[in-house]
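Here is a short report for a reader new to this structure. Please keep the sequence and the model in view while reading.

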Amino acid sequence: MAEESNVELKRFKSFINSHPKLVRKIRKDGKSWQEIYEQWVLLGEDDIHWEQYKEETDEKSKSGEEKKQTFSKLDLKPDFVKQILKYTETVDVNKLQEQVQQLSNTIATVQEIVDIYKKPPAQENRTRQPFDWFRD
């Protein structure tokens, strides 16, 4: 049973690898892999629905090879650049702004607390002895 499910998963992985547009759409829309897997099981790999996500044409793949060569000339890893671009596509600028503002407020509060404890305690003008009340 476990071997059968492993074979099924390997088939699904190869299917996903042959449909890069599907991977991009899943990541962009935030769909779950489980949802796509269930759809794949129900429809099968040869369904017309998957045609729109097929591999790109030969011309596009050649231009991709040229890009890889350009990256190697610049001594950059294309995977790293892809990850950065993918991250920037999914960033919600408003949420990021709110989080930066909250972080800024937190840092300001911590700085105020540190300043309070950094200052030496105020010197009290006590010249009296602690038990000065016994003296006449």
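## K86 and its place

K86 sits in helix α5, which covers residues 78–90. This is a predicted model. K86 is partly exposed, because its relative accessibility is 37%, which falls between the 20% and 50% cut-offs.

Now look at R24. K86 and R24 are 62 residues apart along the chain. Their C-alpha atoms are separated by 9.0 Å.

## The overall fold

The protein has six helices and zero strands. Read from the N terminus, the elements run α-α-α-α-α-α.

Contacts can be sorted by separation along the chain. Take those in the protein with a separation of 6 or more. Of these, 62% join residues 24 or more positions apart.

## Burial and surface

The protein has 136 residues. Buried residues make up 8% of them. To count as buried, a residue must have under 20% relative accessible area.

The protein exposes about 12,900 Å². Carbon and sulfur atoms supply 53% of that area.

## The salt-bridge network

How many salt bridges does the count come to? It comes to three. E8, R11 and E45 are linked in a network of salt bridges.

Start with R11 and E8. Their side chains meet in a salt bridge at 3.5 Å, N to O. Both residues lie in helix α1, which spans residues 2–17. They are three residues apart, so about one helical turn separates them. E8 is partly exposed, at 23% relative accessibility. R11 is also partly exposed, with a value of 39%.

R11 also meets E45. Here the side chains form a salt bridge at 3.4 Å, N to O. R11 lies in helix α1, while E45 lies in the loop between α3 (33–43) and α4 (58–74), so this pair ties together parts that are 34 residues apart in sequence. E45 is partly exposed, with a relative accessible area of 31%.

## The pair in helix α2

Which residue meets D29 in a salt bridge? The partner is K25, and the side chains meet at 2.7 Å, N to O. Both residues lie in helix α2, which covers residues 20–29. They are four residues apart, about one turn of the helix.

Is K25 buried or partly exposed? K25 is partly exposed, with a relative accessibility of 33%. D29 is partly exposed as well, with a relative accessible area of 43%. Both count as partly exposed because their values, 33% for K25 and 43% for D29, lie between 20% and 50%.

## A nonpolar patch

Turn next to the surface around Y117. I113, I116 and Y117 make a nonpolar surface patch. The patch has an area of about 380 Å².

Y117 is located in helix α6, which runs over residues 93–118. Is Y117 buried or exposed? Y117 is exposed, because its relative accessibility of 69% is over the 50% cut-off.

## In brief

The predicted model has six helices and zero strands. E8, R11 and E45 form a linked network of salt bridges, and D29 pairs with K25 in helix α2. I113, I116 and Y117 make a nonpolar patch on the surface.

Conventions: Residues numbered from 1 in each chain as written. Predicted model: local features only at pLDDT ≥ 70, side-chain atom pairs only at ≥ 80, totals over all residues. Heavy atoms only, no water. Salt bridge = Lys/Arg side-chain N within 4 Å of Asp/Glu carboxyl O. Helix = DSSP H or I, 4+ residues; strand = E, 2+ residues; numbered from the N terminus. Buried < 20%, exposed > 50% of the residue type's maximum accessible area, 1.4 Å probe, protein only. Patch = residues over 30% accessible without salt bridge, like charges linked within 9 Å, V, L, I, M, F, W, Y side chains within 5 Å. Areas by Shrake-Rupley, 256 points an atom, 1.4 Å probe, with all protein chains shown as cover. Contact = heavy atoms within 4.5 Å.
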